[in-house]
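Thanks for coming. I have one structure to show today, and I will go through a few residues and the elements around them.

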Amino acid sequence: MMLDESPLFDPSLLQELDWNSNTVSFSPPISPSSPGDDLVLRPLCTEDFNRGFFGLLSQLTKTGEVTPEQFVSKFKHMKTTGDYYVVVVEDTNLGQVIATATLIIEHKFIHSCAKRGRVEEVVVSEVCRGKQLGKLLMSTLIILSKKLNCYKVTLECAPKNVAFYQKFDYTTSDDSYMQLRFFD
């Protein structure tokens, strides 16, 4: 199985983001083009399978046993749809993915056939927290969702994380979040 550096989506989407529209402050200043020493913010690629992507995700939830073949198959599906924007922060010194977040675009009939963004799987490595990387990922995905003309962007989070997301002007909804799980 060949893993490579081909990005999930066009990296120019990240490079062309209008960072001036960011509403969250960073101290020291960081941005998608300058996330920190030896750090790169970029789209997911299949080689990230070998850079600890699943180990990182396992800090958030159960990932299960995934083979490189399964990963590449899912990657190709996501790339083909064009509606998945998995962003990673790589520590180039370590050769490891240390943070990730996903924006998924849903196409709607409502709101004049608008698009809705959903943020999923936001996680920063336990050993890299406190470096503003979660804020960087969230700000990046919010600006990206605006660039992609989403009418809104939503997420689900644990109650302990509500205050973090409120920094980005997310509000809790009166709607009830419900789920029906078929397996963990």
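Take Thr102 to begin with: leaving out residues up to four places away in sequence, Thr102 touches Tyr85, Val86, Arg118, Val119, Glu120, Glu121 and Leu141. Bear in mind that this is a predicted model. Thr102 lies in strand β3. Its relative accessibility is 4%, so Thr102 counts as buried, the cut-off being under 20%.

Now the strands around that residue. β3 covers residues 96–107, and β4 covers residues 115–124; the two pair in the antiparallel sense over eight bridges. One facing pair here is Ile104 with Arg118 in β4. On to β2, which pairs with β3, also in the antiparallel sense and over eight bridges. Here Tyr85 stands opposite Leu103 in β3. Four residues sit between the strands in the hairpin of β2 and β3, and Gly95 there takes a positive phi near 70°.

How do the strands line up in the sheet? The sheet is open, has five strands with mixed pairing, and its order is β1-β2-β3-β4-β5. β1 (39–43) and β5 (150–155) are the edge strands, each pairing on one side only. On average, and ignoring direction, neighbouring strands of this sheet are turned by 20° against each other. As a reminder, strands of a sheet pair through backbone hydrogen bonds, either parallel or antiparallel.

A helix goes with this sheet. Helix α5, residues 133–147, lies across β1, β2, β3, β4 and β5. The helix runs at about 25° to β3.

Back to β2, residues 84–91. Why is β2 described as largely enclosed by the rest of the structure? Because seven of the eight residues of β2 are buried. Its partner β1 runs antiparallel to β2, and five bridges join the two. In that pairing, Val40 stands opposite Glu90 in β2.

Glu90 deserves its own slide. Glu90 is found in strand β2, and with a relative accessible area of 11% this glutamate is buried. Beyond its neighbours within four places in sequence, Glu90 is in contact with Asp38, Leu39, Val40, Arg42, Arg51, Gly95, Gln96 and Val97. So that list includes Val40, the residue opposite Glu90, and Gly95 from the hairpin. For a sense of distance, Val162 is 72 residues from Glu90 along the chain, and their C-alpha atoms are separated by 26 Å.

Next, a residue in a helix. Phe75 lies in helix α3, residues 68–81. Is Phe75 buried or exposed? Its relative accessibility is 6%, so Phe75 counts as buried. Setting aside residues up to four places away in sequence, Phe75 touches Ser6, Pro7, Leu8, Leu44, Cys45 and Thr46. From Phe75 to Asp184 there are 109 residues in sequence, and 21 Å in space, C-alpha to C-alpha.

Last, another phenylalanine. Phe183 is in the segment after α6 (162–166). Phe183 has a relative accessible area of 68%, so it is exposed, which takes a value over 50%. Which residues form a nonpolar patch with Phe183 on the surface? They are Leu180 and Phe182. Together, Leu180, Phe182 and Phe183 have about 470 Å² of accessible area.

To recap the two phenylalanines: Phe75 is buried, whereas Phe183 is exposed. That is what I have.

Conventions:
Residues numbered from 1 in each chain as written. Predicted model: local features only at pLDDT ≥ 70, side-chain atom pairs only at ≥ 80, totals over all residues. Heavy atoms only, no water. Pairing = 2+ DSSP bridges. Axes fitted to C-alpha atoms, helices over the stretch in contact; angles between N-to-C directions. Contact = heavy atoms within 4.5 Å. Buried < 20%, exposed > 50% of the residue type's maximum accessible area, 1.4 Å probe, protein only. Patch = residues over 30% accessible without salt bridge, like charges linked within 9 Å, V, L, I, M, F, W, Y side chains within 5 Å. Areas by Shrake-Rupley, 256 points an atom, 1.4 Å probe, with all protein chains shown as cover. Salt bridge = Lys/Arg side-chain N within 4 Å of Asp/Glu carboxyl O.
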